[in-house]
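These are my notebook entries from a session of looking things up in one model. I wanted to set down what I found entry by entry, beginning with a single residue.

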Amino acid sequence: MAALRRLGVKGVEIRKPEQLDSVASLIIPGGESTTMAKLAEYHNLFPALREFVKMGKPVWGTCAGLIFLANKATGQKTGGQELVGGLDCTVHRNFFGSQVQSFEAELPVPDLASKEGGPETFRGVFIRAPAILEVGPEVQVLADYPIPSNKVLDSNFGADALEEKWSEKKVIVAVKQGNLLGTAFHPELTADTRWHSYFLKMASDVAQGASSSIVAVGGG
Ligand code: GLN
């Protein structure tokens with residue numbers, strides 16, 4: 001909400017399915033995806049969220065929000081977790097490990113820089129962060145993260161996924177597919193508002209004159 005305010009946009013928090021009717025686009029923030037799924041289930045939000053995505057309305061998922069938007073989630077404790085889906089990718093929920101392994105990294109972001117100007121890189125804040133391991137043909141990769149050789153990945157999390165699947169040691173951390181945007185990091189925790197501005201443009205492209213409210217759901 002604060003990041004949007006910096007761009008002169010007022011967001012509305014969405015907690016109930018019927019509130020989704022009043023907004024044109026949606027940000028699903030970070031938090032903890034199992035808890036968010038339980039809350040979304042309790043409030044019967046999943047059908048309305050899926051409908052929102054299917055209608056082609058712009059939706060941006062950051063971190064746990066990205067997990068929510070993915071068609072498939074892997075990694076620990078994913079059993080039975082419900083997802084909204086729509087984004088054709090496989091996300092590893094806790095790829096980079098637990099809270100203490102949170103980190104920041106400078107990410108090359110060519111598409112963002114060409115559309116929004118500013119530096120060629122974006123400072124990614126990764127908090128118990130997921131990573132995207134696979135994407136479908138419709139998905140545009142906006143940022144990836146080459147894993148430095150000295151980076152220690154927890155053997156319960158990313159290290160296993162890498163060994164199983166990856167010869168090339170890099171993972172995807174930002175994607176776009178039509179109306180959907182996903183980032184594994186937290187752009188709202190930096191002073192750089194370019195991802196928010198990028199999403200606002202996606203939203204206004206789709207809304208074409210209709211009032212494009214930006215809202216948030218869940219989080220923590
Ligand atoms: N890995 C977390 C999860 O599974 C997400 C962390 C975050 O949103 N910062 O939900």
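Is isoleucine 127 buried, exposed or partly exposed? I counted 18 other C-beta atoms within 10 Å, so I enter isoleucine 127 as partly exposed. I note at the outset that the model is a predicted one.

**Entry: confidence and overall make-up**

I looked up the confidence values before going further, and the protein has a mean pLDDT of 89, with 89% of its residues at 70 or more. For the complex, the predictor gives an ipTM of 0.95 and a pTM of 0.91. I then listed the secondary structure and found 7 helices and 12 strands in the protein. Of the 220 residues in the protein, 42% are buried. Among contacts between residues at least 6 apart in sequence, I find that 76% join residues at least 24 apart.

**Entry: the shell around the ligand**

I next asked which residues surround the ligand, and the list is Gly30, Gly31, Glu32, Ser33, Cys63, Ala64, Ile67, Arg93, Asn94, Ile127, Arg128 and Pro130. By type, this shell divides into 5 nonpolar, 4 polar and 3 charged residues.

I compared this with the record: an unreviewed UniProt entry lists Gly31, Glu32, Ser33, Arg93, Ile127 and Arg128 under "binding site". These listed positions are spread over 98 residues of sequence, yet they cluster in space, with a largest C-alpha distance of 12.9 Å.

**Entry: single residues of the shell**

I went back to isoleucine 127 and placed it in the loop between β7 (121-126) and β8 (131-135). Leaving out residues up to four places away in sequence, isoleucine 127 touches Gly30, Cys63, Ser102 and His186.

Arginine 128 is found in that loop between β7 and β8 as well, and I record it as partly exposed because 19 other C-beta atoms lie within 10 Å. I also checked its backbone, where phi is near 45°, a positive value in a residue other than glycine.

Cysteine 63, one of the residues that isoleucine 127 touches, lies in the loop between β3 and α4. Here too phi is positive, at about 55°, although cysteine 63 is not a glycine. I counted 27 C-beta neighbours inside 10 Å, so cysteine 63 goes down as buried.

Serine 33 sits in helix α2, and with 29 C-beta neighbours inside 10 Å it counts as buried. Setting aside residues up to four places away in sequence, I list its contacts as Ala64, Ile67, Phe68, Gln81 and Arg93.

**Entry: helix α2**

Which residues of α2 are buried? I find Ser33, Met36, Ala37 and Ala40. Viewed down the axis of α2, these buried residues fall within an arc of 100°, so they line one face of the helix. I set beside this the general point that an α-helix has 3.6 residues a turn, so residues three or four places apart point the same way. The buried residues of α2 pack against α3 and α4 (64-69). After α2 comes asparagine 44, for which I read a positive phi, near 55°.

**Entry: helix α3**

I repeated the check on α3 (residues 46-54), in which Ala48, Leu49, Phe52 and Val53 are buried. Down the axis of α3, its buried residues fall within an arc of 140°, so they also line one face of the helix. Pro47 and Lys54 are exposed on the other side of α3. What do the buried residues of α3 pack against? I traced them to β2 (25-28), α2 (33-42), β3 (59-62) and β11 (180-183). Just after α3, I noted that glycine 56 takes a positive phi of about 85°.

**Entry: two alanines**

Finally, I looked up alanine 73, which is found in strand β4 (residues 70-74), and with 22 C-beta neighbours inside 10 Å it counts as buried. Its C-alpha atom is separated by 21 Å from that of tyrosine 42, and the two residues are 31 residues apart along the chain.

Alanine 207 has its place in helix α7 (residues 194-207), and I record it as partly exposed because it has 15 C-beta neighbours inside 10 Å. Alanine 207 and proline 17 are 190 residues apart in sequence, and I read 20 Å between them in space, C-alpha to C-alpha.

Conventions
Residues numbered from 1 in each chain as written. Predicted model: local features only at pLDDT ≥ 70, side-chain atom pairs only at ≥ 80, totals over all residues. Near = placed C-beta within 6 Å. Nonpolar A, V, L, I, M, F, W, Y, C, P; charged D, E, K, R; others polar. pLDDT = per-residue confidence, 0-100. Buried ≥ 20, exposed ≤ 12 C-beta atoms within 10 Å, placed from the backbone. Helix = DSSP H or I, 4+ residues; strand = E, 2+ residues; numbered from the N terminus. Arc of directions from axis to C-beta. Contact = placed C-beta atoms within 7 Å. UniProt positions renumbered as here; feature names shortened; annotations may be inferred.
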